[in-house]
Each structure stands twice: as C-alpha cells, then as structure tokens.
Amino acid sequence: MVKFRTPLRCNCNCVYCGLYNGISEEESRRSFDDVIGMLKFLDKRHVSGIKIIGGEPLLEFERLLSLIKACDRKGISFILTTNAVGMDSSKVEKLVNAGLKDIAISLDSPDRATHNRIRRNGKAFDSAVSAIHHISSRYPSVHVQVNTCLLYTSPSPRDLSTSRMPSSA
C-alpha cells in the first residue's frame, strides 16, 4: 500500500492540521497528475493499493475520478480519505462508477458542535454523517471506514462508548 497526500489544500481548517491554506490550485492539480503518472511505475512493482489523503481530494474531483479509474483498470485497490464536505449523491455515484470500493470518512466527534469546532467548518459534521449513511445504505459493496482524530477537545472515551451516531437527516 502506498499513501499519497494530495491535494495539499482543503475546505476545512482543522485545529490539528496546517493544510487549509496549503498550496495553489495549480500546484494541487499537478500533485494529482504526478500520482496518476506514477501508476505505471507502481504497477511494475506490484503495488497492491493506493491510499489518497489530503488536504481534501474531492477538491480535485475530475482528477480524482481519473485516478480511481486508472487504479481500477490496473487492479490496484484505492482508498479515498475525505472529510465529505461537498460530497453529494451525484459525486458518490460517479466515484462508485469509477471503481471506488473503499472510502474513509473523517468524523472527529459524535457531537455536531465539537466536530465542527475541530474542523472549523459548520458543514463538516452533517456532510460526514450524511455521506456515511448514504454510501452505507445505497452502496453496500463499498467499504466505509470512519477515521477520527481524538483530541483534548473530543469527548472522553467513556462519552464515546455511550454515544450513538445520529441518524441521517
């Protein structure tokens, strides 16, 4: 498994990350193009999978689709890590049709206010929860993983064990 951090810009401004201001759109597009160009090199070395983290990969959606399709054609597994901000049912359908089989969605708290405060984005919690529910219910063949970053601002482990993920809105 090879992990790439691309693109290096994001639509959240998480308290634990410095990529919000990241790099320019042009540099971000180039970083995606570099990964696509590396597929030939990686294929020859029998790489089993690629994991894309960010920044936020959805910000380069068309390049992301191209990368997923290229991986799918070569039989290389692909894992997308996303905050899901800006993800809608149309984008999910395009991602799945391109060959997406694994997605990791970031959810840093079961509490809306805490998650949005950590992400510094008022849409982050609803976007993540909606994407988790939508993909899990409509695309059961897609493996959905929930990533979290526990911080001093997160609930205690005891609070987490008694919390339930909210139902989809």
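This report describes the fold, the nonpolar cores and several individual residues of one protein model.

## Overall fold and confidence

The model is predicted. Its mean pLDDT is 83, with 79% of the residues reaching 70 or more. Confidence varies among the elements: helix α6 (residues 157-162) has the lowest mean pLDDT, 51, and helix α3 (residues 89-98) has the highest, 97. Where pLDDT is low, the predicted coordinates should not be read in detail.

The protein contains six helices and five strands. Along the sequence these elements follow the pattern β-α-β-α-β-α-β-α-α-β-α. Of the 169 residues in the protein, 44% are buried. The exposed area of the protein is about 9000 Å², of which carbon and sulfur atoms supply 49%. Among contacts between residues at least 6 apart in sequence, 74% join residues at least 24 apart.

## Helix α2 and the nonpolar cores

Helix α2 covers residues 61-74 and has 14 residues. At 1.5 Å a residue, the helix should span 20 Å, and the C-alpha atoms at its ends are indeed 20 Å apart, so the expected and modelled values agree. The buried residues of α2 are F61, L64, L65, L67, I68, A70 and C71. After the helix comes G75, which has a positive phi near 75 degrees.

In soluble globular proteins, nonpolar side chains tend to be buried together. In this model, the largest nonpolar core comprises 37 residues, and I50, F78, M87 and L95 have the most contacts inside it. Two or more residues are given to this core by each of α1, β2, α2, β3, α3, β4 (102-106) and α5 (124-138). Helix α2 supplies the largest share, seven residues.

The surroundings of F78 illustrate how parts of the chain meet. Leaving aside neighbours within four places in sequence, F78 is in contact with I50, I52, L64, L67, I68, C71, L100 and D102. Apart from the largest core lies another core of five residues, among them C10, C14, V85 and A124.

## Pairs that are separated in sequence

Two pairs of residues are listed below with their separations in sequence and in space.

| Pair | Separation in sequence | C-alpha to C-alpha distance |
|---|---|---|
| S48 and F78 | 30 residues | 8.9 Å |
| I105 and V146 | 41 residues | 5.0 Å |

S48 belongs to the loop between α1 (25-44) and β2 (49-53). With neighbours within four places in sequence left aside, the contacts of S48 are M1, I76 and S77.

I105 is part of strand β4. Its relative accessibility is 0%, and I105 therefore counts as buried, the cut-off for that class being under 20%. Beyond its neighbours within four places in sequence, I105 is in contact with T82, A84, A128, A131, I132, I135, V144, Q145, V146 and N147.

## The loop between β3 and α3

N83 is located in the loop between β3 (77-82) and α3. This residue has a relative accessibility of 4% and so counts as buried. The N83 side chain makes a polar contact of 2.8 Å with the side chain of N11. Setting aside neighbours within four places in sequence, N83 is in contact with C10, N11, C12, E56, S106, R119, A124 and A128. Two of these residues, C10 and A124, are also among the members of the five-residue core.

A84 is likewise found in the loop between β3 and α3. Although A84 is not a glycine, its phi is positive, near 70 degrees. A84 counts as buried because its relative accessibility is 0%. A84 also appears in the list of residues in contact with I105.

## R120 and its backbone

R120 lies in the loop between α4 (112-119) and α5. R120 is not a glycine, yet its phi is positive, about 55 degrees. The relative accessibility of R120 is 49%, so this residue counts as partly exposed; exposed would require over 50%.

Definitions and conventions:
Residues are numbered from 1 along each chain as its sequence is written. This is a predicted model: local features need pLDDT of at least 70, side-chain atom pairs count only at pLDDT 80 or more; totals for chains, interfaces and linings use all residues. Side-chain values use heavy atoms; hydrogens and water are left out. Helices (H or I, at least four residues) and strands (E, at least two) are DSSP runs, numbered from the N terminus. The expected span of a helix is 1.5 Å times one less than its number of residues. Buried means under 20% relative accessible area, exposed over 50%, partly exposed in between (1.4 Å probe, protein chains only). Contact means heavy atoms within 4.5 Å. pLDDT is the predictor's confidence in each residue, from 0 to 100. Accessible areas come from the Shrake-Rupley method with a 1.4 Å probe; for residues, only the protein chains shown count as cover. A polar contact is a pair of N or O atoms within 3.5 Å; within protein, one must be able to donate a hydrogen and the other to accept it, and residues adjacent in sequence count only if both atoms are side-chain atoms. A nonpolar core is a set of buried Ala, Val, Leu, Ile, Met, Phe, Trp, Tyr and Cys residues joined through side-chain atoms within 4.5 Å.
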